[in-house]
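Notebook open, structure loaded. I want to go through the charged pairs, the rings and one of the cavities.

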Amino acid sequence: MPTRFLLRLFLAVAAGFTSAGLAATWTEDGYRVPPYDPVFAFPRDHGSHPDYKIEWWYLIGHLEDPDGREYGFQVTFFRVATRPWDPDSITNPEFDDSRVFMTHVALTDVESGEYHRQERLNRAGWDALARTDRLYCRNGNWTLEMTDPTPGRERLRTSVDFGSGIRLDLDLDALKPVVAFGDDRGLSIKGPGREDCSLYLTFPRLSASGTLSRGSEPTSLTGEGWMDHEISSSQLGDDLAGWDWTCIQLEDRWEVKAYILRDASGEPSAFSRLIWISPDNALTY
């Protein structure tokens with residue numbers, strides 16, 4: 001299989017675990033700031049962290065059917081807080097406006113050029129949620145779930161109905177352990193301020209198998225994927241406008257993650273990063 005480039009460009013004003021002996025730090029408006037020297041506890045930390053302002057689970061990949069026809073897919077769940085987390089203030093859990101869930105899904109048929117995309121925005125409650133004890137996100141009938149949390153053998157499952165009889169169901173198995181990024185005391189630093197950082201977890205190589213249904217018999221698919229889970233309360237410094245991001249899976253089981261943080265004029269920030277991931281998950285920045 002040729003080298004695959006999995007690319008997603010986006011602008012963002014971005015968004016359990018325990019700290020190594022340090023008290024929690026909070027933003028002025030009441031959201032938690034990632035601690036120095038974070039210590040993760042899985043499977044809990046694959047789930048949601050409502051003390052933080054923003055969080056996302058970002059799944060992308062490439063697939064083939066038995067005839068070699070190629071597809072690309074994306075499933076991204078965002079959780080955004082509208083006010084600091086206070087469970088006692090939620091009067092009706094079925095209509096909770098303290099958290100909003102935005103979900104983007106996309107499917108590309110490379111051969112035909114056919115492209116399907118949908119997005120949803122719902123408040124937390126009966127139609128959208130993210131569990132805190134494990135990875136389970138739902139927005140309407142779209143789901144992303146960790147069905148097996150065994151370290152090094154994690155299994156994910158996602159199900160997306162695009163409408164018009166088009167549905168994608170995939171199981172994804174970790175081919176490499178989860179990676180925690182951070183070249184400064186375990187944090188992914190994205191600016192000079194104490195709050196300009198995130199917790200950044202990645203499954204850099206997932207095997208994928210499942211079905212694509214397009215109004216008739218389902219077509220079996222196989223391929224590979226990548227998933228990022230990022231948690232923050234003030235992702236970018238005031239001088240930054242957004243970023244461009246890419247991940248690359250190479251044939252020799254190396255991967256590359258890279259992002260360019262941009263200021264308002266489009267110039268790159270010194271906090272941009274290129275990271276090599278070796279076959280044994282060692283990181284080179």
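I started with Asp171. Is Asp171 buried or exposed? It is buried, because its relative accessible area is 17% and the cut-off for buried is under 20%. One caveat I jotted down straight away: this is a predicted model.

Next I looked up the partner of Asp171. Its side chain meets that of Arg157 in a salt bridge, 2.7 Å from N to O. Asp171 belongs to strand 14 and Arg157 to strand 13, so this pair ties together parts that are 14 residues apart in sequence. Arg157 has a relative accessible area of 39%, so I put it down as partly exposed.

I then found that Asp173 forms a salt bridge with Arg155, and the closest N and O atoms are 2.7 Å apart. Here strand 14 (residues 166-174) holds Asp173 and strand 13 (residues 155-163) holds Arg155, so parts 18 residues apart in sequence are tied together. Arg155 comes out as partly exposed, with 28% relative accessible area.

How many salt bridges does the structure hold? I get 20 salt bridges. One of them joins the side chains of Arg79 and Glu55, at 3.1 Å from N to O. That pair links distant parts of the chain, with Arg79 in strand 7 (residues 70-81) and Glu55 in strand 6 (residues 54-64), 24 residues apart. I checked burial here too, and both Arg79 and Glu55 are buried.

I also noted a network of salt bridges, which links Arg69, Asp109, Glu111, Glu114 and Arg214. A reminder to myself: side chains of opposite charge can pair when their charged atoms come close.

On to the rings. I describe a pair of aromatic rings by the distance of the centres and the angle of the planes. The structure holds six aromatic pairs. Among them is the pair of Phe40 and Phe42, which is stacked, with 5.9 Å centre to centre and 0° between the planes. Are these two rings buried or exposed? Neither word fits: Phe40 is partly exposed at 22% relative accessible area, and Phe42 counts as partly exposed at 37%.

I found a cluster as well, in which ring pairs link Trp56, Phe78 and Trp243.

Then I looked for charges over rings. Arg120 lies over the face of Trp142, 3.8 Å from the ring centre. Arg194 does likewise with Tyr36, at 4.1 Å from the ring centre.

For the cavity entry I picked the second largest cavity, with a volume of about 50 Å³. Which elements give two or more residues to its lining? They are strand 16 (188-189) and strand 21 (273-277). I listed the lining residues in full: Phe181, Gly182, Asp183, Ser188, Ile189, Tyr200, Tyr259, Arg273, Ile275 and Tyr285. Sorted by type, the lining of the second largest cavity has six nonpolar, two polar and two charged residues.

My last lookup was Thr202, which I found in strand 17 (residues 197-214). Its relative accessible area is 0%, so I marked Thr202 as buried. Where does Val179 sit relative to Thr202? The two are 23 residues apart along the chain, yet their C-alpha atoms are separated by 5.1 Å.

How values were computed
Residues are numbered from 1 along each chain as its sequence is written. This is a predicted model: local features need pLDDT of at least 70, side-chain atom pairs count only at pLDDT 80 or more; totals for chains, interfaces and linings use all residues. Side-chain values use heavy atoms; hydrogens and water are left out. Rings of Phe, Tyr and Trp (its six-membered ring) pair if their centres lie within 6.5 Å; planes under 30 degrees apart count as stacked, over 60 as edge-to-face and the rest as tilted. Buried means under 20% relative accessible area, exposed over 50%, partly exposed in between (1.4 Å probe, protein chains only). A charge sits over a ring if NZ of Lys or CZ of Arg is within 6 Å of the ring centre and within 35 degrees of the ring normal. On a 1 Å grid over the protein atoms alone, a cavity is a set of points where a 1.4 Å probe fits but cannot get out, and a pocket is an open set with protein on both sides within 12 Å along at least five of seven lines; lining residues have an atom within 4 Å of a point. Grid points are joined across faces, edges and corners, and a volume is the space filled by probe spheres set on the points. Helices (H or I, at least four residues) and strands (E, at least two) are DSSP runs, numbered from the N terminus. Ala, Val, Leu, Ile, Met, Phe, Trp, Tyr, Cys and Pro count as nonpolar, Asp, Glu, Lys and Arg as charged, and the others, Gly among them, as polar. A salt bridge is a side-chain nitrogen of Lys or Arg within 4 Å of a carboxyl oxygen of Asp or Glu.
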